Amino acid sequence: MERLLVTGGAGFIGSNFVHHLMEHTDLRVTVLDKLTYAASKESLEGLPEDRVQLVVGDIAEAEVVDPLVAEHDAVVHYAAESHNDNSLHDPSPFIKTNILGTFTILEAVRKHEKRLHHVSTDEVYGDLELDDPKRFTEDTPYNPSSPYSASKAGSDHLVRAWVRSFGVQATVSNCSNNYGPWQHIEKFIPRQITNVIDGIRPKLYGSGENVRDWIHADDHSSAVLTILEKGRIGETYLIGADGEKNNLEVVQLILTLMGQPADAFDHVTDRAGHDLRYAIESGKLRQELGWSPQFQDFESGLADTIEWYQAHEDWWRPHKDAVEATYAEKGQ
Ligand code: NAD
Ligand code: DAU
C-alpha cells in the first residue's frame, strides 16, 4: 500500500489521522474534503507537500470520487456530518453525506477493487442504562436514536452489505467520544473550554448524568491504522479506551483545571432524545490486533487540550459568537 485516500481529512479526527500517518508510515495521502463549516485547512498546515495533497470535493458526487479512488490503493472514510444537535435541526445533509456519500464511496471501491476502512461511531448501538454491567460489543444490536446516529448506522449497514453481496474488501470501526486539539467548538468539551476562556458559564444539558466514554483522538488514529494494516476483511472493531465519565464530572474538571469554582456552570435545556450512556468493550481490537491506547489519564489529556485551545484562540475565535448564538436560540 502506497497511496491512501482519506475522506474528511480536514476535520477533527481525519486530520489527526493524516498527522499520525506522516509520523508512523511512509504512505502518501490525498485528503478528499468538502471543507464544510466543520473543516479546517489549518489542521493540515506544515505537513510535507510531497506526501499530502488536498482535493476539495463532495463524497456524494461520483464524478469526484470515482477517479480518485481509481488512483489510490485504499480509502479510509471519515467524511461525515458529525454533530447530533445539528441533525436535530436539519437532518438532510446527514442523509446526503453519511448515507449517499458512503454509497458513492462503496460503488467506487467496488468498481476499482480497492480496500476500504469505514469509520463509524458507537452511537449506532443506542444507549445503555447507567447501571448496566454490559458495555457495547461488536454483537450489540443496532438501535440508533438521532438522525445523525441513524445515518451512521445506515452507512455501516451499506458497508456490510457491499462486503457480503459484492465481496468489497472493507472493515468497519465504531469508536467512542473523541477529545483533543482541532475539535470544532460546537462540541461539548471545546465549547465549555472556550466558554470559560470567554467568562461564559459552561452549559450542561439536563442533569448532566449522561455518560460518554472518552478517548483521545491520537488513540483513535492508532486504532484505525492498526485495523487498516491488520484487520480481517468484513470485520467490525470497536474502539474505546475505558474512559467513562458523566458530563457533570467533565464540566467540573474543566472548571477546576481552569482555576474556576467547580459549580460555576448552568443547567440548560436537554437535547431531544438525549442518549444516556455509551460504553465500549474493545477487547476484540486489543486481543486480536494487539492495539492499546496511549492516553490512559483523561485529566492530563484534558489539561493538554485546554492549553491547546488557550494557545489557538485565533483558530476558534471567528466562530465563537455564531456558535453561541445558535445554542442560545434553543435555550442551550
Ligand atoms: P468533523 O465534523 O470534525 O469532520 C468531518 C469532515 O468531513 C469535515 O472536514 C467536513 O468538511 C468533511 N465533510 C463533511 N461532508 C462532506 C462531504 N459531503 N464530502 C467531503 N467531505 C465532507 O467530524 P469528526 O468528529 O472528525 O468525525 C469524523 C468521523 O469520525 C465521522 O465519520 C464520525 O461519524 C466519526 N466519529 C466521530 C467521533 C467523535 O467523537 N467526534 C467518534 C466516533 C466516530
Ligand atoms: O460517541 C461518539 C460520538 O460522540 C460521535 O459519533 C459524534 O460525532 C460526536 O459528536 C460525539 O457525539 P455526542 O453527542 O456524544 O457529543 P457532543 O460533544 O455533542 O456531546 C457530548 C455530551 O455532552 C452529550 O451528552 C451532550 C452533552 N452536551 C453537549 C454540548 C454541546 C452538554 O451537556 N452541553 C453542551 O453544550
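## Ligand 2 and its shell

Helix H6 (188–197) and strand E8 (203–205) each give at least two residues to the shell around ligand 2. The model is a predicted one. Around ligand 2 there are 25 residues, and the nearest are Thr 121, Asp 122, Tyr 148, Arg 271 and His 274. By class, the shell of ligand 2 holds seven nonpolar, ten polar and eight charged residues.

Several polar contacts reach oxygen atoms of ligand 2. Arg 191 places a polar side-chain atom 2.7 Å from an oxygen atom of ligand 2. Asn 247 also uses a polar side-chain atom, at 2.8 Å from an oxygen atom of the ligand. Tyr 205 uses its backbone instead: an N or O atom there lies 2.8 Å from an oxygen atom of ligand 2. On its own, ligand 2 has 690 Å² of accessible area, and the protein covers 95% of it.

## Two domains

The domain assignment splits the protein chain into domain 1 (3–179 + 214–239) and domain 2 (188–211 + 243–274 + 290–319). Why does ligand 2 lie between them? Both domains give residues to the shell around ligand 2, so the ligand lies between domain 1 and domain 2.

The C-alpha centres of the two domains are 25 Å apart. Contact involves 20 residues of domain 1 and 23 residues of domain 2. Together the domains bury about 1,600 Å², with 60% of that on carbon and sulfur atoms. On the domain 1 side, Tyr 179, Trp 214 and Asp 219 lose the most area to domain 2; together they make up 42% of what that side buries.

## Ligand 1 and its shell

Ligand 1 has 28 residues around it. Which come nearest? They are Ile 13, Asp 33, Ser 82, Tyr 148 and Lys 152. Tyr 148 is also among the residues that come nearest to ligand 2.

Helix H1 (12–24), strand E5 (115–121) and helix H5 (147–166) each supply at least two shell residues. E5 gives the largest share, three residues. The shell of ligand 1 divides into 13 nonpolar, eleven polar and four charged residues.

## Polar contacts of ligand 1

Ser 82 brings a polar side-chain atom to 2.7 Å from an oxygen atom of ligand 1. Gly 11 offers a polar backbone atom, 3.0 Å from an oxygen atom of the ligand. Asp 58 pairs with a nitrogen atom of ligand 1: an N or O atom in the Asp 58 side chain is 2.9 Å away. The protein covers 97% of the 840 Å² of accessible area that ligand 1 has on its own.

Note on methods. Residues are numbered from 1 along each chain as its sequence is written. Chains are lettered from A and ligands numbered from 1 in the order in which they are written. This is a predicted model: local features need pLDDT of at least 70, side-chain atom pairs count only at pLDDT 80 or more; totals for chains, interfaces and linings use all residues. Side-chain values use heavy atoms; hydrogens and water are left out. A residue is near a molecule or strand if one of its heavy atoms lies within 4 Å of it. A polar contact is a pair of N or O atoms within 3.5 Å; within protein, one must be able to donate a hydrogen and the other to accept it, and residues adjacent in sequence count only if both atoms are side-chain atoms. Accessible areas come from the Shrake-Rupley method with a 1.4 Å probe; for residues, only the protein chains shown count as cover. Helices (H or I, at least four residues) and strands (E, at least two) are DSSP runs, numbered from the N terminus. Ala, Val, Leu, Ile, Met, Phe, Trp, Tyr, Cys and Pro count as nonpolar, Asp, Glu, Lys and Arg as charged, and the others, Gly among them, as polar. Domain bounds come from an automatic or database domain assignment. Contact means heavy atoms within 4.5 Å. Buried area is the accessible area (1.4 Å probe) that two parts lose on being put together, summed over both.
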